[in-house]
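Hi,

Here is the structure I said I'd pass on. Have a look at it first, and my notes follow below.

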Amino acid sequence: MFEDRSTKRIFYSAPQSVTSLVAAFIEPTITVGVYVLAASWFDEPILRADLTLCLLVFALTFPGRNRFGDRPLNAAVDISTSWLSLLAILALCGYATRSLSFFDPAVIAWWALLTPTLQWLAFYGGRQLLRQAAARPQNRRHALVVGAGPLGVKVSTAFRARGDIGLSFLGYFDDRIDERIDAEAAAQRLGGLADVARHVREHRVDEVYITLPLGSQPRIVALLEQLQGTTASLFYVPDVFGISIIQGRLMDMNGVPVVGICETPFTGSNMVAKRISDIVLASLILLLISPILLLLALGVKLSSPGPVIFRQRRNGLAGEEIEVYKFRSMRSMDNGAVIKQATKGDPRITPFGAFIRRTSLDELPQFVNVLQGRMSIVGPRPHAVAHNEQYREIIKAYMVRHKVKPGITGWAQVNGHRGETDTVEKMRARVEYDLEYLRNWSIGLDLQIIARTVKLVFFDRNAY
């Protein structure tokens, strides 16, 4: 009749903080309020067009971002860029719908100037109030850290970095002698694990952060049993800092907590956004460059005998083998078990092929691969299958780059790692940039890479 509660646990996401809830309404409220006040100041009636604008702005700015933990200058830059982006969107909508004439220019001008100023003042005032509230003795919470290693020091440093959370760090507990713990933590060690529960009760500790390694599981279990006789909140901090984290995340899988260590950034809505941007941009680019494609195809055909398009075997998403299209730039085409990379002055490269390789024009047919879903515009460059088999054995995390679709251009290429990788060090550096892209992906980063690639087409000298 009843479920067995001993095997299933529900792990909830942390509830939204009060400051996040307040911030969610401050930004849209100020934005709409300033417009209404500006219209009243100039004796402009609030008509249907004004109401429509206010509703649209509220929808676009809700929920507001919680910036109370940011530095004032960082918050100012973020508020300004967000506001300018919103104004640009509204201006485009107004131009497309021919509705700009419905609004008084003076009202719009004062609204555009005052809104970000008042948003920053609200942020700064809220930030100061939070810090003042956190400094009051009755609002302070006391915390200690179990484990005086590097991870424990990271946790205590995080406490000190935020002056608005009202957390006072008391010290560390660890069974090891001073020579075996972090030098910074040795002076603040309060005792061993057997002393934790007593110290929590005697000093009314509110929060305990356990940073012991997983190898100390029996000691962790014993410590938890002791601490359950107190009223302190308990937190376990897994030591994942020594691991290369790719899109780390915490998930609840039917009551089982799962920590994501290595995952693709393109899941859920991110996957949809990435695919839509690829289809839209690839379609637009192919439409614009279609005359260039015809001229390049003619140039390849006249430069040497053979097919215009070279179909390369490459590893794509999840390591699956795919065919990648390029304009042929060589007299001979290696695509077997052993691949010789192109080198400077390579006799296999035709004169016209040297030109299209140097300018990356030989890659243009890969926009068709993007529409097919085999590739993305931005991602790790696909290497030959033979090279993958070679480097996966000697470069750590080499195959992780295949957790996303290969790209026409990538973060490594716009950072100087394009062309021949004649040493393991060069390939290792390229892979590091690919993994950095996976860690930090965003649509904005993709657009930045595309813009930098256009520049490299005309000025890069690393390809041949």
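Let me start with Arg198, which counts as partly exposed at 40% relative accessibility. Keep in mind that this is a predicted model. The side chain of Arg198 meets that of Glu202 in a salt bridge, 3.4 Å from N to O. Glu202 counts as exposed, at 53% relative accessibility. Both sit in helix H7 (residues 196-202), and because they are four residues apart there, about one helical turn separates them.

That pair is local, so to speak, but there are others to look at. The whole structure has 16 salt bridges by my search. One of them joins Arg219 and Asp175, with the closest N and O atoms 3.4 Å apart. This pair links distant parts of the chain, 44 residues apart: Arg219 belongs to helix H8 (residues 217-227), while Asp175 is in the loop between strand E2 (167-173) and helix H6 (183-186). Arg219 is partly exposed at 35% relative accessibility, and Asp175 is partly exposed too, at 43%.

Then there is Lys326, which forms a salt bridge with Glu363, the closest N and O atoms being 3.7 Å apart. Lys326 lies in strand E9 and Glu363 in the loop between helix H10 (351-358) and H11, so the bridge ties together parts that are 37 residues apart in sequence. Are these two partners buried or exposed? Lys326 counts as buried, at 10% relative accessibility, and Glu363 is buried as well, with a relative accessible area of 13%.

If you like networks, try the one that links Glu27, Arg65, Arg67, Asp70 and Asp78 through salt bridges.

On to the inside. The largest nonpolar core has 36 residues, and those with the most contacts inside it are Phe327, Leu364, Phe367, Tyr437 and Ile449. At least two residues of this core come from each of helix H9 (268-303), strand E9 (321-327), helix H11 (366-372), strand E10 (376-378), helix H13 (424-440) and helix H14 (443-459). H9 gives the largest share, six residues. Phe367 is a good place to zoom in: setting aside residues up to four places away in sequence, Phe367 touches Ala282, Ile285, Leu286, Ile289, Ile377 and Ile408.

Another residue to click on is Arg401, in the loop between helix H12 (385-391) and strand E11 (407-409). Despite the charge you might have in mind, Arg401 is buried, with a relative accessible area of 2%. What is Arg401 in contact with, leaving aside its neighbours within four places in sequence? The list is Pro380, Arg381, His383, Val431, Asp434 and Leu435.

Last, the surface. Trp41, Phe42, Trp110, Leu113, Leu114, Leu118 and Leu121 make a nonpolar surface patch of about 760 Å². Helix H4 (residues 105-135) contributes the largest share of the patch, five residues. Phe42 is found in the loop between helix H1 (18-41) and helix H2 (48-61), and is partly exposed, with a relative accessible area of 31%.

That's what I have for now.

Cheers

Definitions and conventions: Residues numbered from 1 in each chain as written. Predicted model: local features only at pLDDT ≥ 70, side-chain atom pairs only at ≥ 80, totals over all residues. Heavy atoms only, no water. Buried < 20%, exposed > 50% of the residue type's maximum accessible area, 1.4 Å probe, protein only. Contact = heavy atoms within 4.5 Å. Core = buried A, V, L, I, M, F, W, Y, C linked by side-chain atoms within 4.5 Å. Salt bridge = Lys/Arg side-chain N within 4 Å of Asp/Glu carboxyl O. Patch = residues over 30% accessible without salt bridge, like charges linked within 9 Å, V, L, I, M, F, W, Y side chains within 5 Å. Areas by Shrake-Rupley, 256 points an atom, 1.4 Å probe, with all protein chains shown as cover.
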